[in-house]
Amino acid sequence: MKIKIISPSWLDRNGRVIRTKSRLGKFLNLSFIYVAGLTPAGHELSGADDFFEDLDYDEPVDLVGITAMTSQAPRAYQIAAEYRKRGVKVVMGGFHASFCAEEAGAHVDAVVVGEAEQTWAQVIKDAEAGVLKKVYRAELLQSLEGLPSPRYDLVEGKRQRYLYYPLWLGRGCPRDCKFCSVTAFYGNRYRSRPVKDVLRDAELMPGKKVFIIDDNLGAYGDRLDELFPALAPFKFRILAQVDTRFARNEKLLDLAREAGLEGVYVGFESVFPDRLKDLGKEWMRLETVGQAIKNLQQRGIVIGASLIFGIGPESEDTVKRTLDFLTKWKIDTLALYFYSPLPGTALFKEMVEKGVEFSRDWNQYEGRFPTFSYEGVSGEEMEKLYWSLDHGFYRI
């Protein structure tokens with residue numbers, strides 16, 4: 001069979017596809033090249049990053065696979081409709097399809113719920129036989145040992161290149177932050193890959209800049225003592241996501257720096273303790289942040305602060321106090337996201353149970369738009385405050 005696996009782009013507020021003419025993207029999406037790696041031999045396989053590439057819907061293809069986050073879902077449905085018009089079977093997986101299987105199922109021929117390792121080969125077999133089921137579900141894998149490598153080669157020869165290529169160490173998170181869907185999808189126990197499997201993927205990297213995509217690098221635990229020295233000979237320039245506890249471990253930081261760690265995103269989320277408690281992150285004490293930041297800065301590691309905007313009503317005062325924090329600690333970059341009830345999260349369930357109205361326009365869930373409002377603060381005002389914080393930071 002001819003199989004095409006697509007990472008969809010996004011739609012703007014007017015329903016137009018967001019696409020770039022740039023030849024350089026920041027991050028290569030792991031999901032679609034990893035699903036490609038799960039594809040059994042004997043099939044003609046191609047991949048497409050819709051953000052960069054115009055899709056040729058008339059290209060002869062037998063099966064299309066789409067993997068999408070919530071903000072990509074509307075564009076994924078558009079793509080599916082075009083292929084289905086031409087009689088091509090379309091399968092959708094990923095976070096959004098898993099948490100909104102009924103919704104996704106109205107747009108595609110089959111939905112893969114959960115981790116794809118146990119179902120993707122069966123989907124292909126059923127598609128060949130013309131007996132696709134509407135939904136394929138899988139239990140969490142007990143072991144991640146021996147899983148195939150992503151097909152990095154599928155993006156070689158394309159017009160675009162990427163600043164960072166993805167490397168993954170494991171899945172799951174023992175924390176259950178209210179806003180995060182990782183635990184709901186991957187479970188509340190961290191499952192680590194063997195170091196040898198991670199190194200096998202490292203050998204295939206198309207470039208020297210690597211993004212370790214795990215939500216918290218420190219979750220890999222004691223294996224980091226083995227992994228970091230093993231990565232050092234690759235001379236990678238590594239970007240990763242860490243928490244403040246990892247950044248307070250100076251021994252690990254030294255090993256990480258020697259392995260090539262040059263930048264981190266730290267999920268500070270908020271500078272207000274009451275809001276951290278509301279998120280389920282009361283374990284992160286702001287009084288410990290200073291030492292973590294100093295440890296990173298002493299080693300020349302660039303710090304990106306990940307903050308959530310709108311956990312509570314915002315004002316000029318909350319914006320100023322947040323900017324004061326970022327200025328005091330000389331944070332290098334800011335990733336600012338609106339608080340949004342992503343499907344699958346505890347926040348989503350809580351808001352449904354409380355009858356709180358929020359947007360189901362998934363285009364708004366890419367982080368820069370408010371998805372619900374607070375009494376006395378309009379969505380327009382929240383957007384204005386959001387951009388005053390974002391722009392204020394980069395004017396510091």
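Guide: A polar contact is a pair of N or O atoms within 3.5 Å, where one atom can donate a hydrogen and the other can accept it. In this predicted model, Lys-178 is a good place to try that out: its side chain reaches the backbone oxygen of Asp-278 at 3.0 Å.

Visitor: What makes that a polar contact?

Guide: The 3.0 Å between the Lys-178 side chain and the Asp-278 backbone oxygen is within the 3.5 Å limit, so the pair counts. The Lys-178 side chain makes another polar contact, with the side chain of Glu-350 at 3.2 Å, and that value is also within 3.5 Å.

Visitor: Why is Lys-178 called buried?

Guide: Its relative accessible area is 12%, and buried means under 20%, so Lys-178 qualifies. Lys-178 sits in the loop between strand S11 (170-171) and helix H6 (182-186). Leaving out residues up to four places away in sequence, Lys-178 touches several others, among them Leu-279, Tyr-339 and Thr-345.

Visitor: Let's turn to the rings. Why is the pair of Phe-309 and Phe-338 called edge-to-face?

Guide: Their centres are 5.4 Å apart, within the 6.5 Å needed for a pair, and their planes stand at 90°, over the 60 degrees that edge-to-face requires. Phe-309 belongs to strand S16 (residues 302-309) and Phe-338 to strand S17 (residues 333-338), so the pair ties together parts that are 29 residues apart in sequence. Both Phe-309 and Phe-338 are buried.

Visitor: How many aromatic pairs does the structure hold?

Guide: There are 24 aromatic pairs. One of them joins Phe-185 and Tyr-186, with 4.8 Å from centre to centre and 85° between the planes. Since 85° is over 60 degrees, that pair is edge-to-face as well. Phe-185 has a relative accessible area of 9%, so it counts as buried. One aromatic cluster is made of Trp-10, Phe-51, Phe-52, Tyr-162 and Tyr-165.

Visitor: How do you know that Arg-360 sits over the ring of Phe-358?

Guide: The charged end of Arg-360 is 3.9 Å from the ring centre, and the distance cut-off is 6 Å, so the distance test is met. Arg-193 lies over the face of Trp-168 too, at 4.3 Å from the ring centre.

Visitor: How do you know that Cys-100 is in no disulfide?

Guide: A disulfide needs two cysteine sulfur atoms within 2.5 Å. The search of the whole structure finds zero disulfides. For Cys-100, the nearest cysteine sulfur is that of Cys-180, 16 Å away. For Cys-180, the nearest is that of Cys-177, at 6.4 Å. Neither 16 Å nor 6.4 Å is within 2.5 Å, so neither Cys-100 nor Cys-180 is in a disulfide.

Visitor: Are Cys-100 and Cys-180 buried or partly exposed?

Guide: Cys-100 has a relative accessible area of 12%, which is under 20%, so Cys-100 is buried. Cys-180 stands at 23%, between the 20% and 50% cut-offs, and therefore counts as partly exposed.

Visitor: How do you know that the span of helix H15 agrees with what is expected?

Guide: H15 (residues 379-395) has 17 residues, and at 1.5 Å a residue it should span 24 Å; its end C-alpha atoms are 24 Å apart, so expected and computed spans agree. Its buried residues include Met-382, Leu-385, Tyr-386, Leu-389 and Phe-393. The buried residues of H15 pack against S16, helix H13 (316-328) and S17.

Visitor: What makes the phi of Glu-269 worth pointing out?

Guide: Most residues other than glycine have a negative phi. Glu-269, in strand S15 (residues 261-269), has a positive phi near 65°. Lys-330, in the loop between H13 and S17, also has a positive phi, about 50°.

Visitor: Is Glu-269 buried or exposed, and what about Lys-330?

Guide: Glu-269 has a relative accessible area of 7%, under 20%, so Glu-269 is buried. Lys-330 has 63%, over 50%, so Lys-330 is exposed.

Visitor: One last residue: why does Gly-114 count as buried?

Guide: Gly-114 has 15% relative accessibility, which is under 20%, so the word fits. Gly-114 lies in the loop between strand S8 (110-113) and helix H5 (120-129). Beyond its neighbours within four places in sequence, Gly-114 is in contact with Ser-98 and Phe-185. Gly-93 is 21 residues from Gly-114 along the chain, and their C-alpha atoms are separated by 7.6 Å.

Note on methods: Residues are numbered from 1 along each chain as its sequence is written. This is a predicted model: local features need pLDDT of at least 70, side-chain atom pairs count only at pLDDT 80 or more; totals for chains, interfaces and linings use all residues. Side-chain values use heavy atoms; hydrogens and water are left out. Rings of Phe, Tyr and Trp (its six-membered ring) pair if their centres lie within 6.5 Å; planes under 30 degrees apart count as stacked, over 60 as edge-to-face and the rest as tilted. Buried means under 20% relative accessible area, exposed over 50%, partly exposed in between (1.4 Å probe, protein chains only). Helices (H or I, at least four residues) and strands (E, at least two) are DSSP runs, numbered from the N terminus. A charge sits over a ring if NZ of Lys or CZ of Arg is within 6 Å of the ring centre and within 35 degrees of the ring normal. Contact means heavy atoms within 4.5 Å. The expected span of a helix is 1.5 Å times one less than its number of residues.
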